[in-house]
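Trainee: I have not worked with this structure before, and I would like to go through the terms used for it one at a time. Could you show it to me and explain how each label is earned?

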Amino acid sequence: MSSTDDLNNCHPPTSVTEGCSTSPEDPESPTLAELECLLYSGKSSCNHVDEVWPNLFLGDMCVAHDRHGLWKMGITHVLNAAHGKMYCKGSHDFYGTTVDYHGVPANDLPTFDMSPYFYSAADYIHKALDTPGAKIFVHCAVGVSRSASLVLAYLMIYHHFSLIDAIKRVKENRWIFPNRGFLKQLLKLDIDLRTKKKQP
């Protein structure tokens with residue numbers, strides 16, 4: 001299912017990484033600049049789909065629309081982070097009875113509040129992966145911002161990763177780049193989860 005052709009928006013501009021500096025003021029809360037430096041580092045392109053966690057696949061609308069390809073991959077669940085948006089019109093009817101479908105109607109805009117979907121999407125991913133033999137495909141249009149944000153939230157909520165560690169884990173297998181608004185919301189989730197952990 002992978003392709004050597006890089007998708008649009010999958011190439012980081014090298015100029016952005018210039019001048020990135022870290023701030024040691026609060027080592028537990030990275031700045032947006034630090035997160036963006038991390039996101040621009042390492043793998044600089046992505047396939048149509050990549051396995052970023054055992055039985056958890058992250059990818060784009062090309063894979064989402066290929067029902068036969070999903071069947072060959074053994075996908076049993078689909079989480080569409082661009083539900084109802086142009087070119088991403090997945091539905092229960094489209095996938096039929098063999099694939100369980102969950103849609104999140106997110107816009108890839110810094111002003112869109114993705115945070116209300118963090119826990120429900122994480123719950124859906126967790127329940128899917130807790131099902132014997134299940135494999136889940138999480139996607140949006142390109143598979144680097146909306147869907148990546150939901151996968152990061154899942155790793156943070158259910159596997160207790162910090163945001164930085166979640167990004168590093170996903171980037172071992174796929175280039176991702178949530179927009180600045182999503183990064184701010186993930187940072188808040190990171191702080192909230194860390195605060196809960198410290199409570200007696």
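Mentor: What follows is a series of questions and answers on the labels given to parts of this structure, and please keep in mind that the model is predicted.

Trainee: What makes up the fold, and in which pattern do the helices and strands follow one another along the sequence?

Mentor: The protein has eight helices and five strands, and read from the start of the sequence they follow the pattern α-β-β-α-α-β-α-β-α-β-α-α-α. Of its 200 residues, 48% count as buried, while the accessible surface comes to about 10000 Å², with 53% of that belonging to carbon and sulfur atoms. Among contacts with a separation of 6 or more, 75% are between residues 24 or more positions apart.

Trainee: How do you know that the span of helix 6 agrees with its number of residues?

Mentor: Helix 6 covers residues 146-159, which is 14 residues, and at 1.5 Å a residue it should span 20 Å; its end C-alpha atoms are 20 Å apart, and therefore the two values agree.

Trainee: Why is helix 6 called mostly covered?

Mentor: A residue is called buried when its relative accessible area is under 20%, and twelve of the 14 residues of helix 6 are buried. Among them are R146, S147, L150, Y154, L155 and I157.

Trainee: What makes L155 count as buried, and which residues is it in contact with?

Mentor: L155 lies in helix 6, and because its relative accessibility is 0%, which is under the 20% cut-off, L155 counts as buried. Leaving aside neighbours within four places in sequence, L155 is in contact with W53, H160, F161, A166, R169 and V170. The C-alpha atom of L155 is also 8.0 Å from that of A122, although these two residues are 33 residues apart along the chain.

Trainee: Why is H160 called exposed, and what is said about its phi?

Mentor: Exposed requires a relative accessible area over 50%, and H160 has 57%, so H160 counts as exposed. Its place is in the loop between helix 6 and helix 7, and its phi is near 60 degrees, a positive value in a residue other than glycine.

Trainee: Where is N55, and why is it called partly exposed?

Mentor: N55 is in the loop between strand 1 (49-53) and strand 2 (56-59). Its relative accessible area is 31%, which falls between the cut-offs of 20% and 50%, and therefore N55 is partly exposed. N55 also has a positive phi, of about 65 degrees, although it is not a glycine.

Trainee: How many disulfides are found, and what labels do C62 and C140 carry?

Mentor: A search of the whole structure finds zero disulfides, where a disulfide would need a pair of cysteine sulfur atoms within 2.5 Å. C62 has 44% relative accessibility and so counts as partly exposed, whereas C140, with a relative accessible area of 2%, is buried because that value is under 20%.

Trainee: Why is helix 1 also called mostly covered, and what do its buried residues pack against?

Mentor: Helix 1 spans residues 32-40, and eight of its nine residues are buried, including L32, E34, C37 and Y40. The buried residues of helix 1 pack against helix 7 (163-171) and helix 8. Helix 1 is followed by G42, whose phi is positive, near 70 degrees.

Trainee: What is the volume of the largest pocket, and which residues are closest to its centre?

Mentor: The largest pocket has a volume of about 280 Å³, and of the 14 residues that line this pocket, H160, F161, S162, D190 and K197 are the closest to its centre. Helix 6 and helix 8 (180-198) each supply at least two residues of the lining, and the largest share, five residues, comes from helix 8.

Trainee: How do you know that L193, in helix 8, is linked by contacts to residues elsewhere in the sequence?

Mentor: A contact needs heavy atoms within 4.5 Å, and L193, leaving aside its neighbours within four places in sequence, is in contact with Y119, M156 and I157. M156 and I157 are among the buried residues of helix 6. L193 and H160 are 33 residues apart in sequence and 8.2 Å apart in space, C-alpha to C-alpha.

Key: Residues are numbered from 1 along each chain as its sequence is written. This is a predicted model: local features need pLDDT of at least 70, side-chain atom pairs count only at pLDDT 80 or more; totals for chains, interfaces and linings use all residues. Side-chain values use heavy atoms; hydrogens and water are left out. Helices (H or I, at least four residues) and strands (E, at least two) are DSSP runs, numbered from the N terminus. Buried means under 20% relative accessible area, exposed over 50%, partly exposed in between (1.4 Å probe, protein chains only). Accessible areas come from the Shrake-Rupley method with a 1.4 Å probe; for residues, only the protein chains shown count as cover. The expected span of a helix is 1.5 Å times one less than its number of residues. On a 1 Å grid over the protein atoms alone, a cavity is a set of points where a 1.4 Å probe fits but cannot get out, and a pocket is an open set with protein on both sides within 12 Å along at least five of seven lines; lining residues have an atom within 4 Å of a point. Grid points are joined across faces, edges and corners, and a volume is the space filled by probe spheres set on the points.
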